[in-house]
Every structure is written in C-alpha cells, then in structure tokens.
Amino acid sequence: MKTFGSCLSGRAIKAAGVGAALLFSVSTGHAQSGPFAGMDGNWSGNGTVALSDGTTERIRCKAEYKVNGTGLGLKQSLKCASDSYKFDLTSDVTSQGDRISGNWSEASRNVFGNLQGTAGGGQIQVFVEANGFAANLTVHTSGNKQTVQIDSKGEIRGVNITMVKG
C-alpha cells in the first residue's frame, strides 16, 4: 500500500488531510448537552473519495473520540485507508455556544490546519483551511449513525463517508 503522499500532489495531501481531519473531529449527539455528546468511543465506516480527474476510490476509516468532562471539547484520532493511500490524523475541537473551532494535524506529512463553524440540531457546518486549501464540510449525526460530506475545488473534490458507533 502506498502512502498518501506518494500518489497525489502536495495540494491533494493538504486537501485530504484537512478533509479527513474534519470528517471526525466535529459531530453532535442527542443524549447529553453539548455539541459532542454521545461521541465518546470508537466509530468506523466507509465511503468514497472523488478526485479532480473524475476517478473515485473507496475509503475505510476508524476513529476514536474522547469528549472532555464538560462535553464542550473533543480529541480525536483517525486512521483511514483506500487501495492506494493511508493517513493517520489527530484533531482537537472546542465549542462556545453554537460556534465550534479547532485544529488538526497529520504528523507523518507535517500537514496542519484549522476549522470553524456552527453546530446544532444534529448538524455541523464547518469551513476548513490549510495553507493553499479550503473546503466546506457538513456532518449529520442521528443516533449511532453519522454521515459526512466534504466539498472542495482542489484535487480532492469530494468525500462522502458513513460511520457507525460501536
């Protein structure tokens, strides 16, 4: 299996890093108060990544979430792989009211960025930035199921993933 950086350009690495970090760094639950309620634990799922050349690949992901005691902070570890690449990301996200913000990193490629947006009613909408890259992310959580959609104009055009808790 190739590493992510060996098959895509630097811009694509940034795009995928940002996208993947965000895929699981923000979400919402319904059992407790706070935007990260119900997230603690392990999640896994799969989906697709669409590239600017029109190709798509299936992607598999596993995430571990740790919600702090107040329910207003979330630390996440994410590992994803497709047939041609893999990445290992961490993120740290906090909320103040319905506003959320945070940062992420992919240590093996020294890629990092930040995010900001809103959370409420089982939906997250976030704007993601890194050097030379920007994307919009929408996360919808209902019970133990989560769907994630990322849209970008870079080499990574879209990511769609469904995760389940357990």
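Colour the chain by secondary structure and follow it from the N terminus: the order reads α-α-β-β-β-β-β-β-β-β-β-β. That gives 2 helices and 10 strands. Keep in mind as you go that this is a predicted model.

**The whole sheet**

Now select the strands together. They make a closed barrel of 10 strands, in the order E1-E2-E3-E4-E5-E6-E7-E8-E9-E10, with antiparallel pairing. If you compare neighbouring strands of this sheet, they are turned against each other by 20 degrees on average, ignoring direction.

**Strand E1 and its two partners**

Next, select residues 41-51, which are strand E1. On one side, E1 pairs with E2 in the antiparallel sense, over 10 bridges. Show residues 56-67 to bring up E2, and then pick out Asn46, which has Arg60 of E2 standing opposite.

What joins E1 to E2? The two form a hairpin with 4 residues between the strands. Click on Gly54 while you are in this hairpin: its phi is positive, near 95 degrees.

Then turn to the other partner of E1, strand E10, by selecting residues 156-165. Here 9 bridges join E1 to E10, and the two strands run antiparallel. For a single pair to look at, show Gly45 together with Met163, its bridge partner in E10.

**An aromatic pair between E1 and E2**

Stay with E1 and E2, and display the side chains of Trp43 and Tyr65. The structure has 1 aromatic pair. How are the rings of Trp43 and Tyr65 arranged? Their centres are 5.9 Å apart and their planes stand at 80 degrees; planes over 60 degrees apart count as edge-to-face, so this pair is edge-to-face. The pair links distant parts of the chain, with Trp43 in E1, Tyr65 in E2 and their positions 22 residues apart in sequence.

Are these two residues buried or exposed? Trp43 has a relative accessibility of 2%, so this residue counts as buried. Tyr65 is buried too, with a relative accessible area of 1%.

**The disulfide from E2 to E3**

Now move along E2 to Cys61, and add Cys80 to the selection. These cysteines form a disulfide, with their sulfur atoms 2.2 Å apart, and the structure holds 1 such link. Cys61 lies in strand E2 and Cys80 in strand E3, so the bond ties together parts that are 19 residues apart in sequence. Look along the S-S bond to see its hand: at 115 degrees about that bond, the link of Cys61 and Cys80 is right-handed. Switch on a surface as well, and check both ends: Cys61 is buried, and so is Cys80.

**On to E3 and E4**

From Cys80, extend the selection to residues 73-81, which make up E3. Add residues 86-96 for strand E4. E3 and E4 pair in the antiparallel sense over 9 bridges. One place to zoom in is Gly73, whose bridge partner in E4 is Thr94.

**Stepping back**

Finally, clear the selections and show the entire chain. Of its 166 residues, 46% are buried. Among contacts with a separation of 6 or more, 46% are between residues 24 or more positions apart. With the accessible surface switched on, you are looking at about 7900 Å², and carbon and sulfur atoms account for 47% of that area.

Terms used:
Residues are numbered from 1 along each chain as its sequence is written. This is a predicted model: local features need pLDDT of at least 70, side-chain atom pairs count only at pLDDT 80 or more; totals for chains, interfaces and linings use all residues. Side-chain values use heavy atoms; hydrogens and water are left out. Rings of Phe, Tyr and Trp (its six-membered ring) pair if their centres lie within 6.5 Å; planes under 30 degrees apart count as stacked, over 60 as edge-to-face and the rest as tilted. Buried means under 20% relative accessible area, exposed over 50%, partly exposed in between (1.4 Å probe, protein chains only). Two strands pair if DSSP finds at least two bridges between them. Contact means heavy atoms within 4.5 Å. Accessible areas come from the Shrake-Rupley method with a 1.4 Å probe; for residues, only the protein chains shown count as cover. A disulfide is a pair of cysteine sulfur atoms within 2.5 Å. Axes are lines fitted to C-alpha atoms, for helices over the stretch in contact, and angles run from 0 to 180 degrees between N-to-C directions.
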